[in-house]
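User: Could you take a close look at a single part of this model and describe it in connected prose, with the cut-offs spelled out?

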Amino acid sequence: MKTLQELTRKNIWNLKPYSSARDEYQGVEASVFLDANENPYNKPHNRYPDPLQREVKMALAKIKKVHEENIFLGNGSDEAIDLVYRAFCEPAIDNVVAIDPTYGMYQVCADINNVEYRKIKLNSEFQFNASELMDATDEHTKLIFLCSPNNPTGNNLHKSEIEKLLNQFDGLVVLDEAYSDFSKEPSFVTKLDNYSNLIILQTFSKAWGCAAIRLGMAFASPEIISIFSKIKYPYNVNLLTQKQALEMLHRYYEVERWVKILIEERTSLMEDFNALNCCVHIYPTDANFFLARVTNAKKVYDYLVKEGIIVRNRSNVTLCKDCLRITVGTTLENTRLIEALQQYDKL
């Protein structure tokens, strides 16, 4: 692997970060705050939040079994995705390699940052070959993006191929585990100490039921995390989000219960969907959704919209012609979907 200094953009490596008032004050008990030009009224919302989210990281570290220094928190996972481009990719010079199909924000962020985005198509089983991705790299490839379980396909990528990339690639591997809570495969978070070139993305939006608070997690070496912290906006995670995250971390038992229920619902829903006349094929999934090929995705999608049921038509995505992505809902929501499609079959 190249050194972190070699991978980091020179201006970022040499950057002196903005130092906020709350960065400079810590570790001393105080009751009078006259340092940040805040309004003294309307407590607690008048005060800037902790810019490093220390209390949240402390609680999260216990659950994820990592050190606080290995955690970055951002405004959704999208902030961390954007930061890896800004930190490591020189615009119009460097490039990244990614599997296809996968989460669309990797390419959007590449386009925003003027970084070449090289797509390597998955095989018919939605798996990748490490050698093919390596063949697409050159001396200007800084990042490889993987998503496992993948979106929109739902399946776990082969662990052995991921490890080959981590061992062979001299840049950084970004592994998005947004849906890993629903998978039987263990998270790569447990392997952080083994791979200094690994960046793992997770989120509070899925298993934690907190999409509205926009809180994403990145796990990496303390050196990589320090670079993220250097270039992020000073108060990137607001106080309300930090409070809600802490509440959910203290209710982790409830999150585990939700995950168990959703996995059971997933099995039942897939069985019922597979029995529909409009269903051609259901692909294996390790997420809280599944990808299904239907007889006519646009026609089925439009019908469901008229019935007030919204799924995702993924027909315009590589390898996903006439495919719908179905999120697992409550028993009532899943039943409504199946009953509506049973009526569709009769048309």
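Analyst: What follows concerns one buried side chain, and then the nonpolar cores.

The model is predicted, so local features are given only at pLDDT of at least 70 and side-chain atom pairs only at pLDDT 80 or more, whereas totals for chains, interfaces and linings use all residues. Residues are numbered from 1 along each chain as its sequence is written, and side-chain values use heavy atoms, with hydrogens and water left out.

N197 sits in the loop that runs between β5 (172–176) and β6 (198–203), where strands are DSSP runs of E with at least two residues, numbered from the N terminus. N197 counts as buried because its relative accessibility is 3%, the limit for buried being under 20% relative accessible area with a 1.4 Å probe and protein chains only. The side chain of N197 reaches two backbone oxygens, that of L166 at 3.1 Å and that of G171 at 3.4 Å; a polar contact is a pair of N or O atoms within 3.5 Å, in which, within protein, one must be able to donate a hydrogen and the other to accept it, and residues adjacent in sequence count only if both atoms are side-chain atoms. Leaving aside residues up to four places away in sequence, N197 touches M1, L166, F169, G171, L172 and V173, contact meaning heavy atoms within 4.5 Å.

As for the cores, a nonpolar core is a set of buried Ala, Val, Leu, Ile, Met, Phe, Trp, Tyr and Cys residues joined through side-chain atoms within 4.5 Å. The largest has 53 residues, of which F128, L133, L146, F204 and F219 touch the most other members. A second, separate core of 33 residues includes A110, Y117, V174 and L201.

Methods
Buried means under 20% relative accessible area, exposed over 50%, partly exposed in between (1.4 Å probe, protein chains only). Helices (H or I, at least four residues) and strands (E, at least two) are DSSP runs, numbered from the N terminus.
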